[in-house]
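Subject: Structure handover and notes

Hello,

I am passing on the structure we spoke about. Please look through it alongside the notes below.

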Amino acid sequence: MIFKGKRILLGVSGGIACYKAVELARRLVTSGAQVKVVMTRGAQEFVTPLTFAAVTGQTVGTSLFGQGIHPLEHIWLGQQVDALILAPATANLIGKVAAGIGDDLLTTILLAATRPVLLCPAMNCEMYANPVVQENLTRLEQRGMTVLRPAAGPLACGAVGYGRLPEVEDILAVASRLVSPQDLAGRRILVTAGPTHEDLDPVRFLTNRSSGKMGYAVARAAWRRGAEVTLVSGPTALPAPYGVEVVRVRSALEMREALQGHFPTADALIMAAAVSDYRPESPAPKKVKRRTPSQELRLVQNPDIIQELAAHRTRQVLIGFAAETGDLLAEARRKLEAKNLDLIVANEVNRPDSGFAVDTNEVTLIPRGGEPVALPLLSKDEVAQRLLDWLAEYWSGAREESRG
Ligand code: C5P
C-alpha cells in the first residue's frame, strides 16, 4: 500500500490516453490513496465523470461554477492533497498552465496549488516535438513541476514516436517518490536480486527458486525514498524498476565482477540475491549428449561475494539475507558474524507464503550487536520499507554519534 493515507488530485485533460487514466485512478485507489479526479471539458468527451466517480468513490470535479460547488473548492483542492498528477496532460493544458491561464476548474486549481505536481504529457509525436510545447515543459520544470517524459511507441493517430502516456507503473513510481519522505537522498545504494545461473553446457544450468521479488522491492523502495540505486540482477522475469540503474548478470562470477565495479562508490550494499554456492567445475562447450547411463557432475565453490566485499569496505553498510529451512536465527547469526555484516535478514522459507517466488515474506532483522526484530508476515514491499527504515535510522544514529 505505497499510497496509504495519501491524498491525490488526478487532473485529466482531453486526449485518447484518458482511458489509461481510469486504470491509473484505480491503481492509486488500490494502493491506498484517496483520489479526487478533476476533468477538463475535453476529457469528458473521451470518458464520463461517472467512470472516475465509480472507480474512486468520490465526486468528480468538472466545473468552477454550479450548484453544490463550494466557492473555494478551486483553492483548497490543490493545497489539501499530498500531490497532483496531470495524466494525460495535453499540449493545450500544458500551454495554459505555463502561461498562467485559469479558465476552468483544473487550470484554476493549478494556479493556486502549493503541493508537488507531476505532469504526464501524452499527444501526437509532432505536437510533442513542437518547440512551443517543449519550451512550456522546460518552463514548468524550472518552476518545480516534475515532468514524466512520454514514452516512444505506436500512437493512436497511427504515427510512431514520442507521445505515449508512460506506463501506469512508471507514473505510480514517480508519484510515490513525490509523496515519500526523502530520507535516503544523497545515498548510493547497491542492491542485488534474483538467482544465478551456473552453466553446465550451452543449454543447461544450475539455479534456485529465487524470483528476485524481494530485491526488486528493496530497489524500488530505496529509489522512492530518494536514494540513487543500482540493482545488480540475476535472471528474473521482473520489469526494471523506474529510476533504478539495472545491471543484468547471469552467474555468481558475473555478479561478483559487477559488484566489484559498483561497490567502491556505494554507501550500502543490500544483498538479496540467492547466489549459487557452487558452479560446475568445467562447463561443456557443446550440449552434453544422452549416451552414458549415469553422469558425474563436479562442482567447485563460488566465491562468497558479500564476504569478499566486506574485507574491502570503507564506509559501506552491508546487509545480507539468510534463507534457511532449519535453525533460522542461529544460522543467520552465524552468517552475520562470519561474513562481517551490519545486518542480516533471517528469511523463513519453510512456509508456502514466505520466501521464494511469493509476494509476502516473514523475516527477522538481526543487527550486529543489537536485538533481533521479528516482523510479522508482510508484503515484500512492506519488508523492504522496514529494512530501509533500519538503514535510515542507522545512518541518522551514526550522524548523531559523529556530532556528539
Ligand atoms: O547462501 P547464504 O545463505 O550464505 O547467503 C547469505 C548472504 O550471503 C546473502 O546475502 C547472499 O546474497 C550472500 N552470498 C554471497 N555470495 C555467495 C553466497 C551468498 O554474497 N556465494
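The notes below cover the domains, the salt bridges and a few single residues.

This is a predicted model, in which local features need pLDDT of at least 70 and side-chain atom pairs count only at pLDDT 80 or more, while totals for chains, interfaces and linings use all residues. Residues are numbered from 1 along each chain as its sequence is written, and side-chain values use heavy atoms, with hydrogens and water left out.

Domains

The protein is divided into domain 1 (7–178) and domain 2 (188–283 + 298–403); these bounds come from an automatic or database domain assignment. Taken over C-alpha atoms, the centres of domain 1 and domain 2 are 38 Å apart. Six residues of domain 1 are in contact with five residues of domain 2, where contact means heavy atoms within 4.5 Å.

The size of an interface is often given as the accessible area lost when the parts come together. Domain 1 and domain 2 bury about 550 Å² between them, and 62% of that is on carbon and sulfur atoms. Buried area here is the accessible area (1.4 Å probe) that two parts lose on being put together, summed over both. On the side of domain 1 that touches domain 2, the residues divide into three nonpolar, one polar and two charged. In this grouping Ala, Val, Leu, Ile, Met, Phe, Trp, Tyr, Cys and Pro count as nonpolar, Asp, Glu, Lys and Arg as charged, and the others, Gly among them, as polar.

Two residue pairs are in polar contact between domain 1 and domain 2, both at pLDDT 80 or more. A polar contact is a pair of N or O atoms within 3.5 Å; within protein, one must be able to donate a hydrogen and the other to accept it, and residues adjacent in sequence count only if both atoms are side-chain atoms. The rule finds zero salt bridges across the interface of domain 1 and domain 2.

Salt bridges

The structure holds 21 salt bridges. The term means a side-chain nitrogen of Lys or Arg within 4 Å of a carboxyl oxygen of Asp or Glu. Side chains of opposite charge can pair when their charged atoms come close.

One of the salt bridges is formed by Lys-335 and Glu-324, with the closest N and O atoms 2.5 Å apart. This pair links distant parts of the chain, 11 residues apart: Lys-335 is in helix H13 (residues 328–338) and Glu-324 in strand E16. Helices (H or I, at least four residues) and strands (E, at least two) are DSSP runs, numbered from the N terminus. Strand E16 covers residues 317–324. Glu-324 counts as buried because its relative accessible area is 11%; buried means under 20%, exposed over 50%, and partly exposed in between (1.4 Å probe, protein chains only). Leaving aside neighbours within four places in sequence, Glu-324 is in contact with Glu-331, Lys-335, Asn-347 and Val-349.

Asp-381 and Arg-220 form a salt bridge whose closest N and O atoms are 2.9 Å apart. Here Asp-381 in helix H14 (residues 380–403) and Arg-220 in helix H10 (residues 213–224) are 161 residues apart, so the pair links distant parts of the chain. Asp-381 is partly exposed at 29% relative accessibility, and Arg-220 is partly exposed at 34%.

Asp-103 and Lys-96 form a salt bridge at 2.8 Å between the closest N and O atoms. Asp-103 is partly exposed, at 47%, whereas Lys-96 is buried, at 14%.

Single residues

Gln-316 lies in the loop between helix H12 (305–310) and E16. Gln-316 counts as buried because its relative accessibility is 3%. The side chain of Gln-316 reaches the backbone oxygen of Phe-263 at 2.9 Å. Beyond four places away in sequence, Gln-316 touches Phe-263, Pro-264, Ala-266, Asp-267 and Asp-342.

Arg-298 is in the loop between strand E14 (278–280) and E15, and is exposed at 58% relative accessible area. The C-alpha atoms of Arg-298 and Pro-280 are separated by 5.9 Å, with their positions 18 residues apart along the chain. Not counting neighbours within four places in sequence, Arg-298 is in contact with Arg-279, Pro-280 and Glu-281.

Leu-299 lies in strand E15 (residues 299–301) and is partly exposed, at 35%. With the same neighbours left aside, the contacts of Leu-299 are Leu-206, Tyr-278, Arg-279, Pro-280 and Glu-281.

Regards
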